[in-house]
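Let's walk through this structure together, one element at a time. Keep the 3D view open and turn it as you read.

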Amino acid sequence: MSAPPRPNPKYEKKVMVLDFVTPTPLGNSWGLGGTCVNVGCIPKKLMHQAALLGQALQDSRKYGWQFTEEVKHNWMTMTESVQNYIGSLNWGYRVALREKNVTYENAYGEFVGPHTVKATNKRGVEKLYTAERFLIATGERPRYLDIPGDKEYCISSDDLFSLPYCPGKTLVVGASYVALECAGFLAGLGLDVTVMVRSILLRGFDQDIANKIGEYMEEHGINFIREFVPIKVEQIEEGTPGRLRVTAKSTKGNQIIEGEYNTVLLAIGRDACTRKIGLDKVGVKINEKTGKIPVNDEEQTNVPYIYAVGDILQDKLELTPVAIQAGRLLVQRLYGGATSKCDYVNVPTTVFTPLEYGACGYSEEAAVEKFGEENIEVYHSNFWPLEWTVPSRDNNKCYAKIICNIQDNERVIGFHVLGPNAGEVTQGFAAAIKCGITKEQLDNTIGIHPVCAEVSSAIQILCFSSSII
């Protein structure tokens, strides 16, 4: 056995973190901090901002800014800046762990017996550690299509944010938030982008909003190939980028199509990293189909001394702040005498598509399923941000929707907004929803004029037609 971890000063517990990144099929890996910091939320939001700045440049002429030089985007400058910032975060986490007396090992953890894990570093050196309790937070990795050429020639979001060349003409395969966000900022940087969609957009999100996002992206030059899936990817020409031929088949029939692209980005979902960490050795049950781990309402698996948080949980939201909150509350319950449990329903989130989508609570579809269509009231409204009026663009493309429970004094159970700074808008309403705000209280809240969030206190239009897909 190796030396035991050092005690953490807050609860006087010895803590160890095992963190290891298995390289992508193209050989990419990254530093401490997980998906969100390295290949998720942080670089995604920064590249989304790069695209918004491009739009702001176009708008600026109508606001009096004069410039004659041709404006171009430099992919390498952007990625270098993004990676430099991520590197600073990696270092910050290392320092924080050291300051908190947390033992850190850059090694792959695997259960080998009761209360025992084996840690294997990149040189193949193995060590055994024992612990009173274990917390699994291994997250997920992008899924591949299992077709000829996918791992050889395609990239995933794990590769995109540090790609050492501009991707050029890009095919994005998928309809997830990752797919649409990446397609959105790539198009915003001036690239030719096509999205290939198997069925619906943004499964699990409010479909009324999802369809509006798709329409907006199409109107802004992003091509959509609907109800097709790739069956083969071939390399026509090597290069950075090279040229690829994609063969795709209809999901509704036998039609076959082909297209040529410089880059193919797969964003078709993610698989839980649970099948190769020895859970069978200690009896932790997983969903055999998805790899997800069922837990009780205190994040405890069927093995009492093993807990889990994050994207690997069955039937829970796949969001970094949710994992952080669940982990924090778990530790407070285990060692601090607290009793609070994580709320997995009233969780605010934002999809950073070109037109941002903020949501908290139930989608319309989920509300109908939970409470019954006769027991919910839906209010909605289009709006036009003041900032967009001067450049005269996208009139009435922004949208807000409030879902209320009639049987509970019209308590707001779902908030959805489609527009600029949707995340900033939604965060505040999330606190109000946690406090049980009603439609009447929302109506009696004075709006800040003239901002987008003002629409929430002025929505009086009932939505009579169901948007259930």
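A good place to begin is a sheet. In this predicted model, strands E14, E15 and E16 form an open sheet in that order, and their pairing is antiparallel. At the edges lie E14 (228-237) and E16 (256-261), each of which pairs on one side only. Ignoring direction, neighbouring strands of this sheet are turned against each other by 20 degrees on average.

Now zoom in on one pair of this sheet. E14 and E15 (residues 243-250) run antiparallel and are joined by 8 bridges. If you would like a landmark, find valine 229, which stands opposite lysine 249 in E15. As a general reminder, strands of a sheet pair through backbone hydrogen bonds, either parallel or antiparallel.

Another antiparallel pair is found earlier in the chain: E6 (residues 116-121) and E7 (residues 126-130) are joined by 5 bridges. Here threonine 116 has threonine 130 of E7 as its bridge partner. The two strands form a hairpin with 4 residues between them, and glycine 124 in this hairpin takes a positive phi near 85 degrees.

Let's turn to the helices. Two packed helices are described by the angle between their axes and the distance between the axes. Helix H2 (residues 41-60) is a handy guide, as we can follow its contacts with two partners, H3 and H6.

Take H3 (residues 75-99) to start with: its axis and that of H2 come within 10 Å and cross at roughly 145 degrees. The crossing is right-handed. On the H2 side, the contact is made by Ile42, Pro43, Leu46, Met47 and Ala50, while H3 contributes Met78, Thr79, Val82, Tyr85, Ile86 and Leu89. What classes do the residues of this contact divide into? There are 10 nonpolar residues, 1 polar and no charged.

With H6 (residues 177-188), the axis of H2 comes within 8 Å, and the two cross at roughly 35 degrees. This crossing is left-handed. Lys44, Met47, His48 and Ala51 of H2 make the contact with Glu181, Phe185 and Gly188 of H6. By class, the H2 and H6 contact has 3 nonpolar, 2 polar and 2 charged residues. Met47 is worth finding in your viewer: this residue of H2 takes part in the contact with H3 and in the contact with H6.

Finally, step back to the chain as a whole. An unreviewed UniProt entry carries the annotation "domain: FAD/NAD(P)-binding" for residues 32-327. Over that stretch the chain is 32% helix and 26% strand, and its end C-alpha atoms are 17 Å apart.

How values were computed. Residues are numbered from 1 along each chain as its sequence is written. This is a predicted model: local features need pLDDT of at least 70, side-chain atom pairs count only at pLDDT 80 or more; totals for chains, interfaces and linings use all residues. Side-chain values use heavy atoms; hydrogens and water are left out. Axes are lines fitted to C-alpha atoms, for helices over the stretch in contact, and angles run from 0 to 180 degrees between N-to-C directions. A crossing is left-handed if the near helix is turned anticlockwise from the far one by less than a right angle, and right-handed if clockwise. Contact means heavy atoms within 4.5 Å. Ala, Val, Leu, Ile, Met, Phe, Trp, Tyr, Cys and Pro count as nonpolar, Asp, Glu, Lys and Arg as charged, and the others, Gly among them, as polar. UniProt positions are given in the numbering used here, feature names are shortened, and annotations may be inferred rather than shown by experiment. Two strands pair if DSSP finds at least two bridges between them.
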